[in-house]
Amino acid sequence: MGRRVDLLLSGGTVVDGTGAPGRTADLAVTAGRITVLPPGERPEAAETVDARGQTVAPGFIDVHTHSDALALRAGPDDSETLRLAPLLQGVTTEICGNCGTSLFPALPARLPELADQLRVTFGLGPVRPAEDFDAFAAAQDPALRPTHIASLVGHGTLRAGVMGYEDRPPRPEELRTMRALLDRALSQGAAGLSTGLIYPPGGYADTEEIVALAEVAARHGKPYVTHLRDEMSQVETALEEALDIAVRSGAALQISHHKTAGRHAWGATLRTLPRLERARAEGVDVLCDVYPYTAGSTVLHAMLPPWASDGGVRALLERLPDPAVRDRIRHDIAQGVKGWENTVGNGGWDLIAVAAAPAHPHTEGRRIAELAAERGVDPVEYVCELLLAERGEVTIISHSMREDDVRRVLASPLSMIGSDGVPKPGRPHPRWAGTFPRVLGHYGREEKLLPLETAVHKMTGLPAGRFGLTGRGVIRDGAHADLVVFDPSAVRDTATFDRPLLTPEGITAVVVAGRTAVRDGRATGTRAGTVVRVR
């Protein structure tokens, strides 16, 4: 009698995540690890997946999510749909803590203040921040975890967890505390340091503060991951700041969701991508990630000038009823503020749609300009009233990019794929359910922008190498058995802005930690996801 394995994937074309050409091979899974079988060997298996005519790839790694709080508690009815959306598109590992916001670390005295701010960010009811990465990991409920999760340390959370939401430089002892908390979290297995330099309080930091923290990440051999200070008219200046931080700190640099948004930056990828290539040639370890859409998504209060959020969300809500504050907001959007991205000034309220407003579901999917016109008020008036009514908890979608820029970043050898998914109830951005099949189907098969092996590499081996996910992102003997089986001739996204959580087509099976989590395109109910510690 031959040996017995837990799972056999037979007859598929293995695209192993390295960029190498696909090859026909059978894979055996035992105790959560892969064996690539030699031709002709067919062990007995407790379960078999017939992969003939299909591609077998490493499970996709979503390098940019905001799913930090999804597995902390059961949540509202649609939380389960939100939790399963990545899995159903082939994702087996998510990296959260992006754009400067993570659920840790903080000094104990700052935790209540953080909780209120994180409620607005994650939008799933009360959020309990953690003192460190160990506490964050312990809070993840394995019964709710369909995929693995790793987390960056968010600089905005770190800053607020030490010095609150004030717009000022840190005192020397505060910076030392921030560095110590960061060092502890990275030692515990956090994957790197992230910044969100358009968001308070991260945007209140100067370059020197970020360099001092990125040095800690460099000491651990972990990357500095940044949402640039400006992705619009000043994107090239912001990119130079990020490169300067990388050079001075010694940290590898990851540019989050690289884009050139707003009418004043359209076409700037013709300059930013060659600049990144030049930096790599000069020895800077810089890469980027990208999602395959011309619209982004964020919180509504990020559309307001930074001073409005000085002191945090409570201070913002105290300011907004004042007519003089609203006049100043209108003026600053119209005229701009030095160092501020000013999304609305670069586009207009007619490009901003409400994605989630829990107490006002009739607004979801509709543009701010249209909603304000219906009420007979100007958009700033409407936005202030909506933020007050929702206690700050409003998410938006911004239609601000151009297709040719998105295509250039997708095709760049420096880019990997990340959804930037914001999994909140309402009408979230369809990227949470469609990113990976959209790259494979629309941009790969239909547009021929990327060969299949290159697209898979951008979703697997490249991100695994960047974030130190040892044994993931590749198919080889001994690797973790996180796998996806898909039909390369049929895979495609179906999620739209009107129906953003529709399940993609062509994803046949997904294996997480050696267990079949998706079979015939449907979730099996298996919860095999773990917290991944990067050492």
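## Close-up views of a predicted model

**View 1. Cysteines without a disulfide.** At 0% relative accessibility, Cys 384 falls under the 20% limit and therefore counts as buried. Cys 96 is likewise buried, with a relative accessible area of 0%. The structure, which is a predicted model, holds 0 disulfides. Cys 96 is accordingly in no disulfide, and the nearest cysteine sulfur, which belongs to Cys 99, is 12 Å away.

**View 2. Strand S7 and its two partners.** Strand S7 (residues 55-58) runs parallel to strand S2 (residues 13-14), to which 2 bridges join it, whereas 4 bridges join S7 to strand S20 (residues 483-486) in an antiparallel arrangement. Thr 55 in S7 can be followed in both pairings, since Thr 13 stands opposite Thr 55, and Thr 55 also stands opposite Phe 486 in S20.

**View 3. A stacked phenylalanine pair and its cluster.** The structure holds 5 aromatic pairs, one of which is formed by Phe 60 and Phe 436; because their ring centres are 5.5 Å apart and their planes lie at 10 degrees, this pair is stacked. The pair links distant parts of the chain, with Phe 60 in strand S8 (residues 60-62) and Phe 436 in helix H14 (residues 431-446), 376 residues apart. Both Phe 60 and Phe 436 are buried. Ring pairs link Phe 60, Phe 436 and Phe 486 into a cluster, and Phe 486 is the residue of S20 that stands opposite Thr 55.

**View 4. A tilted phenylalanine pair.** Phe 104 and Phe 136 form an aromatic pair that is tilted, with 5.2 Å from centre to centre and 35 degrees between the planes. Distant parts of the chain are linked here as well, for Phe 104 lies in the loop between strand S9 (91-96) and helix H2 (111-122), while Phe 136 belongs to helix H3 (residues 133-139), 32 residues apart. Phe 104 is buried, with a relative accessible area of 1%, and Phe 136 is buried at 2%.

**View 5. Arginines over aromatic rings.** Arg 328 lies over the face of Trp 307, at 3.8 Å from the ring centre. In a second case, the charged end of Arg 438 sits over the ring of Tyr 293, 5.0 Å from its centre.

**View 6. The surroundings of Asn 346.** Asn 346 lies in the loop between helix H10 (323-335) and strand S17 (352-356), and with a relative accessible area of 6% this residue is buried. Leaving aside neighbours within four places in sequence, Asn 346 is in contact with Met 232, Ser 233, Gly 262, Arg 263, His 264 and Glu 341.

Technical notes:
Residues numbered from 1 in each chain as written. Predicted model: local features only at pLDDT ≥ 70, side-chain atom pairs only at ≥ 80, totals over all residues. Heavy atoms only, no water. Disulfide = S-S within 2.5 Å. Buried < 20%, exposed > 50% of the residue type's maximum accessible area, 1.4 Å probe, protein only. Contact = heavy atoms within 4.5 Å. Pairing = 2+ DSSP bridges. Phe/Tyr/Trp six-rings, centres within 6.5 Å; stacked < 30°, edge-to-face > 60°. Lys NZ or Arg CZ within 6 Å of the ring centre and 35° of its normal.
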